Amino acid sequence: MSSKRDYYEVLGVAKEASADELRRAYKKLAIKYHPDKNPGNKEAEEKFKEAAEAYDVLSDEKKRAQYDRFGHAGLGGAGGAGYQGFSGFEDIFSHFSDIFGDFGVSGGRRGGRRRSGPPSGQDLQIRIQLNLKEILEGTSKTVKIRRYRACIHCGGKGGSDISTCSTCGGTGEVHRITQSLFGQMVNVAPCSACQGMGEQVKKPCSHCKGEGRVREESTITIKIPPGLAEGNYLTLRGEGDAGPRGGAAGDIIAVIVDKPDNFFKRNGIDLYCSLEVPVAKMVLGGKVRLPGINEDLEVTLAAGTEAGQTLRLKGRGLPELNNTSRRGDIFVDVMPLIPQRLSPRERELYTELKELSSGEDEKREDSLLENLRNFFKK
């Protein structure tokens, strides 16, 4: 069981909190536990990191849905590794620079410092459609994508005769110092002379036009573990767009989509279906077969099974995410199969059956009418 606190509890908000409420709650905590306001305070540092982790998950629509459904174990892709976290304070400041406003507090430290050098590439999102058999057993999917990859002609550098930017001194940033309630604030913006790269290429590569990357079509294979549901996603680290001029590659986010099944309807790990059964077998009882996910299943009907009766096949449904030893159930609604065409012999037998049961049918009709009369007399 995870020892982490609930993310909503960390931020002090309700589970129905809006995006603005989450933002305000996180900003309040970030300012309160900012490391420059709490130098050497390990407890404040941990709370600062904890709040950043909580906001990172809850401010992302897909991560939040995953967390609401599966808790901490549902984060970090389908492997159940949990949330991967930030590499340090600089990573937090860079990731949430829109909230921090690239500020620091007096003392010379700049909390919002961005990483110098080229920016990272974009994350790419793809949709993976799975049928029930693939969800049950797991599978591998080969997909084609168009993405930026490092230019092989310049090694991703963008060209030659590369020098440090004279405007920003290689930091990729320009600073502006202001005063605020928290002390001296340093506002940081990307250097316009080098577009935040920290370097200038005097002889751009003719193949990538100085960008250090080219767009190409690639084929990738994605291993799909069993138990995924629509809305779950897999994260392929470093498989997204390469960043310009040697920047780190983004990720691929593979979003899972259920492929509609002609027989079963899915509700979580349970499956539902309707099965038409000959009337004689419903009356007399017996065994019937129905198509399963990866093999046919056999169901035993009791004599006198009624139309619409639901049978339950325990443990024959889909596996649970991160716990494939537990499977859902299959629920079967039994419906009578009424023959549309009868042979002369079948018509003869049904006529005989009708005559045999006519007395009982009349008794049932009389009883129904009597019950209705009594009801309306009240």
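1. Salt bridges, to start with the term: a salt bridge here is a side-chain nitrogen of Lys or Arg within 4 Å of a carboxyl oxygen of Asp or Glu. Arg312 and Asp329 meet that rule, with their closest N and O atoms 2.7 Å apart. This pair joins distant parts of the chain: Arg312 sits in strand β14 (residues 310-313), while Asp329 is in the loop between β16 (323-327) and β17 (330-337), 17 residues apart. The two ends have quite unlike surroundings. Arg312 counts as exposed because its relative accessibility is 51%, whereas Asp329, at 9%, counts as buried. Keep in mind throughout that this is a predicted model.

2. On confidence, the mean pLDDT of the protein is 82, and 80% of its residues reach 70 or more. Among the elements, strand β2 (residues 139-150) has the highest mean pLDDT, at 95, and helix α6 (residues 97-100) the lowest, at 62. Two stretches deserve a flag. Residues 77-81 stay under 50, and the model gives them eleven contacts beyond four places in sequence. Residues 102-115 are also below 50, with 48 contacts in the model beyond near neighbours in sequence. I'd leave those contacts alone, because where pLDDT is low, the predicted coordinates should not be read in detail.

3. Back to the charges. The count comes to 16 salt bridges. Arg5 pairs with Glu9, the closest N and O atoms being 3.4 Å apart. Both partners are partly exposed: Arg5 has a relative accessible area of 33%, and Glu9 has one of 48%. The pair doesn't stand alone, since Arg5, Glu9 and Glu50 are linked in a network of salt bridges.

4. Asp258 and Arg266 make another salt bridge, at 3.1 Å from N to O. Here too both side chains are partly exposed, with Asp258 at 22% relative accessibility and Arg266 at 24%. The cut-off for buried is under 20% relative accessible area, so neither Asp258 at 22% nor Arg266 at 24% falls into that class.

5. Now the nonpolar packing. The largest nonpolar core has 38 residues, and the members touching the most others are Ile126, Ile128, Ile222, Leu290, Leu318, Ile330 and Val332. A second core lies apart from it, with 23 residues, among them Ala30, Phe48, Tyr67 and Leu75. Leu290 is a good place to zoom in. Leaving aside neighbours within four places in sequence, Leu290 is in contact with Phe263, Cys273, Leu275, Asp296, Leu297, Val299, Leu313 and Val332. That list includes Asp296, so Leu290 also has a contact with an acidic residue, not just with nonpolar ones.

6. The structure holds five aromatic pairs. One of them is Tyr8 with Tyr67, a tilted pair at 6.3 Å centre to centre and 40° between the planes. Tyr8 belongs to helix α1 (residues 7-11) and Tyr67 to helix α4 (residues 61-70), 59 residues apart, so the pair is one that links distant parts of the chain. Both rings are on buried residues: Tyr8 is at 2% relative accessibility, and Tyr67 has a relative accessible area of 6%. Ring pairs also bring in Tyr7, giving a cluster of Tyr7, Tyr8 and Tyr67. As noted above, Tyr67 is among the residues of the 23-residue core too.

7. Phe263 and Phe264 form an edge-to-face pair, 4.9 Å centre to centre with 80° between the planes. Phe264 is buried at 5% relative accessibility, but Phe263 counts as partly exposed at 25%. Phe263 has already come up, as one of the contacts of Leu290.

8. Tyr148 is worth a look for its charged company. Arg213 lies over the face of the Tyr148 ring, at 3.9 Å from the ring centre. Arg215 lies over the face of Tyr148 as well, at 4.3 Å from the ring centre.

9. Last, a small item on Glu45, which is placed in helix α3 (residues 42-58). Buried or exposed, for Glu45? Buried, because its relative accessibility is 15%. Glu45 and His34 are eleven residues apart in sequence, and their C-alpha atoms are 7.4 Å apart in space.

Key:
Residues numbered from 1 in each chain as written. Heavy atoms only, no water. Core = buried A, V, L, I, M, F, W, Y, C linked by side-chain atoms within 4.5 Å. Buried < 20%, exposed > 50% of the residue type's maximum accessible area, 1.4 Å probe, protein only. Contact = heavy atoms within 4.5 Å. pLDDT = per-residue confidence, 0-100. Helix = DSSP H or I, 4+ residues; strand = E, 2+ residues; numbered from the N terminus. Phe/Tyr/Trp six-rings, centres within 6.5 Å; stacked < 30°, edge-to-face > 60°. Lys NZ or Arg CZ within 6 Å of the ring centre and 35° of its normal.
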